[in-house]
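Work through the exercises below with the sequence and the 3D structure at hand. Each task is followed by a solution in steps.

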Amino acid sequence: MSRIDFAARRRAMVAQQIEARGVTDARVLAAMRAVPRENFVSPSWQDEAYHDSPLPIEGKQTISQPYIVALMAEALQLKGDERVLEVGTGSGYAAAVLARLAAEVHSVECIPVLAGLATKRLAAQGCSNVTVHRGDGSLGWPEAAPYDAVVVTAAGPDVPAALKAQLKLGGRLVMPVGERHGLQDLLRLTRTGEHDERRELLLPVRFVPLTGEQGWPG
Ligand code: SAM
């Protein structure tokens, strides 16, 4: 398949799966049109790269459904000058999208082989403002805190206290919270004060578990 086919599929994906479901942020739509999802999955899955679904990646994990990547990115309300933390690098695809929406992205992945592959894929895409860290992202990445926005792409029993503490006042955190196996609530938490927060329910979702010290037992 040629690159032209992938580009056409990408445009159709944005129109049919993302705009049609109500994502309107022009910067998010442009980022989704620009990032080649096929380059973040193994060659055997490239033909399915623009399907309206998650896909398997290495380490028995998944690359999220494109619509969910766009919805979470839009919910972060990024303007372009922010420092963002992503927990759950996975393939690196969402980090590549965030790289186009913010100034600086730190992404934490606990499976070393995924962190290594994502680092290479992001470098191949020229995403020089993304740093992939290996570690337990349920504890955030304090070295680069505080963050204007935090996105967690795995589901925990609740929002980890460490992540809230690393969020600036006024910052947004988007994360699925709920059962380990089953449906979760995709939440946006806004830090409204030193000890105050506002929570909004965005959508029911189904994500792989957030493991680690402030997630589910590994
Ligand atoms: N954002 C990814 C993408 O664009 O491909 C999708 C992420 S996948 C749905 C969830 C990822 O979270 C998996 O790669 C998993 O290993 C990772 N994960 C789960 N618990 C974690 C933790 N405590 N710290 C860092 N990564 C974690």
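**Exercise 1.** Which atoms of Glu109 and the ligand approach each other, and what is the distance?

Solution. Start with the side chain of Glu109: one of its polar atoms lies 2.6 Å from an oxygen atom of the ligand. Next, take the backbone: a polar backbone atom of Gly137 is 2.8 Å from a nitrogen atom of the ligand. Then go to Thr211, where a backbone N or O atom lies 2.6 Å from a nitrogen atom of the ligand. Finally, consider the surface: the ligand taken alone exposes 610 Å², and the protein buries 99% of that (areas by the Shrake-Rupley method with a 1.4 Å probe).

The model is predicted: local features need pLDDT of at least 70, side-chain atom pairs count only at pLDDT 80 or more, and totals for chains, interfaces and linings use all residues. Residues are numbered from 1 along each chain as its sequence is written, and side-chain values use heavy atoms, with hydrogens and water left out.

**Exercise 2.** Describe the shell of residues around the ligand.

Solution. First, count: 27 residues surround the ligand (a heavy atom within 4 Å). The closest are Ser91, Glu109, Asp136, Gly137 and Thr211. Second, sort the shell by type: 11 residues are nonpolar, 13 polar and 3 charged (Ala, Val, Leu, Ile, Met, Phe, Trp, Tyr, Cys and Pro count as nonpolar, Asp, Glu, Lys and Arg as charged, and the others, Gly among them, as polar). Third, assign elements (DSSP runs, helices being H or I with at least four residues and strands E with at least two, numbered from the N terminus). Strand 2 gives the most to the shell, with 3 residues.

**Exercise 3.** Is helix 3 enclosed or open?

Solution. Check each residue from 66 to 75: 10 of the 10 residues are buried, so helix 3 is largely enclosed by the rest of the structure (buried means under 20% relative accessible area, exposed over 50%, partly exposed in between, with a 1.4 Å probe and protein chains only). Among them are Tyr67, Met72 and Glu74. Then look past the helix: Gln77 follows, with a positive phi near 55°.

**Exercise 4.** Where do Gly126 and Pro204 lie, and are they buried or exposed?

Solution. Gly126 is in the loop between helix 5 (112–124) and strand 5 (130–134). Gly126 is exposed, with a relative accessible area of 55%. Pro204 belongs to strand 9 (residues 197–205). Pro204 is exposed, with a relative accessible area of 57%. As a last step, Pro204 and Glu48 are 156 residues apart in sequence, and their C-alpha atoms are 24 Å apart in space.

Definitions and conventions. Polar contact = N/O pair within 3.5 Å; in protein donor to acceptor, adjacent residues only side chain to side chain.
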